[in-house]
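Q: Got a minute to go through this one with me? I'd like to get a feel for how it is put together.

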Amino acid sequence: MNKDVWVFIEQRNGKPADVSFELLSKGRKLAENLHGELKAVVIGSNVKSLAEETFRFGASEALVIDHPALEHFRTIPYSRVLIELVESHKPRIVLFGASVIGRDLAPRVASHTKSGLTADCTDLQISTVKYLKKDYEDLLLQIRPAFGGNIIATIITPEVEVQMATVREGVMRLEPLPQAVKGKITNIPYLQNEFDEVIKIIEQHRQENKVNLKGASIIVSGGYGMGSKANFKLIHDLASLIGGEVAGSRAAVDAGFVTADRQVGQTGVTVRPKLYIACGISGAIQHRAGMKESNKIIAINTDPDAPIFGIAHYGVVGDAAQIIPMFINVFKQKLR
Amino acid sequence: MHSIVLVKQVPDTANISGQVMKEDGTVNRAKLPAIFNHEDRVALELALQIKDKLGGKVTAITMGPPRASDVLRECLFMGADEAVLISDRKFAGADTLATSYVLSEAIKKIGDYDFVFAGRQAIDGDTAQVGPQTAEKLGIPQITYTEEILEIKENSVKIKRKIDGGYEILESALPVLITVLKDASFPRPYKAKRIMAYKNARTLIELEKLTEGNSLLYIDQLKEEYQSKKLYIQTLTMDDLKLDEARCGVHGSPTKVHKIESVVLAGGNHEMIAPDKAGMSILIDKLMEDHILG
């Protein structure tokens with residue numbers, strides 16, 4: 001059986017997505033465990049230099065489909081190209097970013113190739129597994145919180161050749177090699193097909209992400225426990241005072257306190273700042289998955305049994321709407 | 001225009017209380033309130049708007065256990081013309097691949113459609129996979145993450161959809177499968193008149209229940225009676241759809257749950273800080289000592 005690990009390299013206007021290199025970093029370890037090769041699949045237009053970048057993350061081969069018609073992601077041609085590649089090579093694992101593109105593309109490929117696919121994994125491991133009294137060697141363990149975060153499920157796909165998973169940006173660490181490996185570029189011709197043109201892109205508007213949560217060294221984050229949008233302003237006040245970025249839990253985003261691009265957690269951004277202040281956040285597993293590796297965590301919550309305290313370094317039991325102004329006052333005094 | 005809308009009854013995972021969790025850490029699904037997945041409701045709203053503007057028909061379908069008929073009645077309250085329950089014990093344990101197989105075969109049987117709508121994802125799994133997988137099996141294009149339908153022509157649709165860091169406008173030929181984001185529209189309230197009319201709509205399974213222990217009721221007659229009153233919710237089983245059993249339910253699902261762990265809360269190793277000024281002073285000093293602040 002083929003033991004290769006493939007990573008779909010996502011590009012937007014020719015620029016690679018961070019998540020793809022993060023997945024190469026993880027994929028390299030998975031490939032080592034499997035004694036297989038790490039390969040990058042690059043689809044786009046003028047993507048040769050992009051393909052070479054993957055060698056810096058350990059890809060030993062880049063499968064490149066380079067054609068002007070593939071400049072921008074479109075579901076049908078991209079999935080068709082990838083389906084053909086997967087069917088002819090049968091890699092053991094294919095990883096996708098859980099971005100809009102990855103979540104559009106991966107299920108289509110999995111459907112056609114009848115592969116297993118697990119969305120939004122928070123960890124991936126290789127292990128031999130006993131399932132229904134049968135031993136399966138070197139399966140991909142696809143680990144993700146499930147059911148509103150009340151459980152952590154390990155998913156396996158024992159009976160299929162190709163195991164697929166999507167992972168959010170920031171979940172895996174970006175680990176470039178000190179020196180790029182000597183990789184091989186394999187060009188694969190693109191044969192146009194009429195059905196590829198069934199959807200046309202009329203316009204595209206993209207802004208560089210203004211919010212940089214991933215790079216922030218201090219994050220002040222608010223949850224549903226802030227109570228109101230007015231109270232949530234305190235999060236902004238504190239963040240601007242101590243030079244931090246504002247973030248929120250999914251509940252705070254759903255309540256309209258903060259925009260979705262600032263959501264920390266399994267379905268948002270994963271962060272590892274020096275300081276994370278969680279205000280009025282109970283700490284569901286999905287949220288903790290996105291911030292538990294922060295260097296120092298301060299939890300402020302009215303409920304002393306809130307799970308957030310389980311991973312906090314400092315805990316304050318109280319109403320964040322009252323604690324934050326106190327913190328701000330004391331801090332201002334000390335700065336004088 | 002004929003739109004088929006995929007809807008799902010989901011456990012209300014946002015409101016899980018203590019009694020829902022079993023002692024071994026697994027979830028007691030029976031204790032969870034079942035609700036209409038919100039993004040699917042938005043999908044139905046978009047389909048109804050097309051019908052309002054251009055005429056045609058809206059068919060709501062769901063795959064699920066017998067009690068999923070509740071969401072189908074809600075679809076009828078909202079304005080769907082027809083509702084179809086796809087239910088069979090053999091569908092139990094289906095992952096997204098097996099689900100999309102069943103749904104795509106049901107859609108083929110219903111046939112003659114211009115649009116298939118669905119929510120982007122369901123809150124119990126958040127996978128967003130069933131829509132694209134169904135489109136693939138139908139051999140039709142898909143537009144996911146829809147924010148707005150801009151224009152519909154006889155053979156095409158123009159849609160604004162979210163992309164990473166922005167949006168794009170796509171034009172697709174019909175038929176097409178569209179998955180929608182929650183802000184794409186605001187679902188209309190139920191009309192009292194429709195609630196009165198359709199609260200008695202029943203699936204075949206529910207009618208069979210009525211006949212149990214009642215020798216005066218015959219299922220075929222009952223079904224005919226409900227059909228004539230337009231209160232029959234079409235009910236399809238694996239055999240009705242002539243499905244391959246190996247591709248349904250747990251057998252047709254490549255993904256298996258290997259292990260489930262309840263979320264163990266690590267004992268609090270944290271340092272307690274008093275919720276007052278003195279406490280804040282201590283906390284800030286510590287952060288300054290560590291060169292995190294100041």
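**Two chains and a shared sheet**

A: Sure, let's start with chain B: its secondary structure comes to 8 helices and 14 strands. Keep in mind that this is a predicted model.

Q: Okay, and what size of box do the C-alpha atoms of chain B fill?
A: Along the principal axes, roughly 80 × 55 × 45 Å.

Q: How much of chain B is buried?
A: Of its 294 residues, 46% count as buried. As for contacts in chain B with a separation of 6 or more, 69% come from residues 24 or more positions apart.

Q: Which helix of chain B is mostly covered?
A: Helix 2, residues 69-78, with 9 of its 10 residues buried. Among them are B:Val71, B:Leu72, B:Leu76 and B:Phe77, but also B:Arg73 and B:Glu74.

Q: And what comes just after helix 2 of chain B?
A: B:Gly79, which takes a positive phi of about 140 degrees.

Q: Switching to chain A. How is it divided?
A: Into domain 1 (5-197) and domain 2 (218-335). Their C-alpha centres lie 33 Å apart. The contact between them takes 8 residues from domain 1 of chain A and 9 residues from domain 2 of chain A.

Q: What classes of residue are on the domain 1 side?
A: The side of domain 1 of chain A that touches domain 2 has 3 nonpolar, 3 polar and 2 charged residues.

Q: Now the two chains together. How many residues are in contact?
A: 63 residues of chain B with 71 residues of chain A. On the chain B side, the largest share comes from strand 9 of chain B, with 8 residues. Other elements giving two or more residues include helix 3 (96-110), strand 7 (142-152) and helix 8 (277-289) of chain B.

Q: And by class, what does that chain B side have?
A: 29 nonpolar, 20 polar and 14 charged residues.

Q: Which strands pair in the antiparallel sense across the two chains?
A: Strand 10 of chain A, residues 151-156, and strand 13 of chain B, over 6 bridges. In that pairing A:Ile151 stands opposite B:Ser262.

Q: What about the sheet with parallel pairing, what's the strand order?
A: It's an open sheet of 6 strands, in the order 15(A)-14(A)-16(A)-17(A)-18(A)-14(B). The edges are strand 15 (245-248) of chain A and strand 14 of chain B, each pairing on one side only. Neighbouring strands are turned by 20 degrees against each other on average, direction ignored.

Q: How many bridges join strand 18 of chain A to strand 14 of chain B?
A: 3 bridges, and the two strands run parallel. A:Gly315 has B:Met272 as its bridge partner there.

Q: Which helices pack on that sheet?
A: One is helix 5 of chain A (residues 229-242), which touches strands 14, 15 and 16 of chain A. Its direction makes about 170 degrees with that of strand 14 of chain A. Helix 8 of chain B also packs on the sheet, touching strands 16 and 18 of chain A together with strand 14 of chain B. For helix 8 of chain B, the angle with strand 14 of chain B is about 130 degrees.

Q: Last one: A:Lys332, buried or exposed, and why?
A: A:Lys332 is exposed, because just 10 other C-beta atoms lie within 10 Å, and 12 or fewer counts as exposed. A:Lys332 sits in helix 8 of chain A, residues 320-335. Its C-alpha atom is separated by 8.6 Å from that of A:Leu241, 91 residues apart along the chain.

Terms used
Residues numbered from 1 in each chain as written. Chains lettered and ligands numbered in written order. Predicted model: local features only at pLDDT ≥ 70, side-chain atom pairs only at ≥ 80, totals over all residues. Domains from an automatic or database assignment. Contact = placed C-beta atoms within 7 Å. Nonpolar A, V, L, I, M, F, W, Y, C, P; charged D, E, K, R; others polar. Helix = DSSP H or I, 4+ residues; strand = E, 2+ residues; numbered from the N terminus. Pairing = 2+ DSSP bridges. Buried ≥ 20, exposed ≤ 12 C-beta atoms within 10 Å, placed from the backbone. Axes fitted to C-alpha atoms, helices over the stretch in contact; angles between N-to-C directions.
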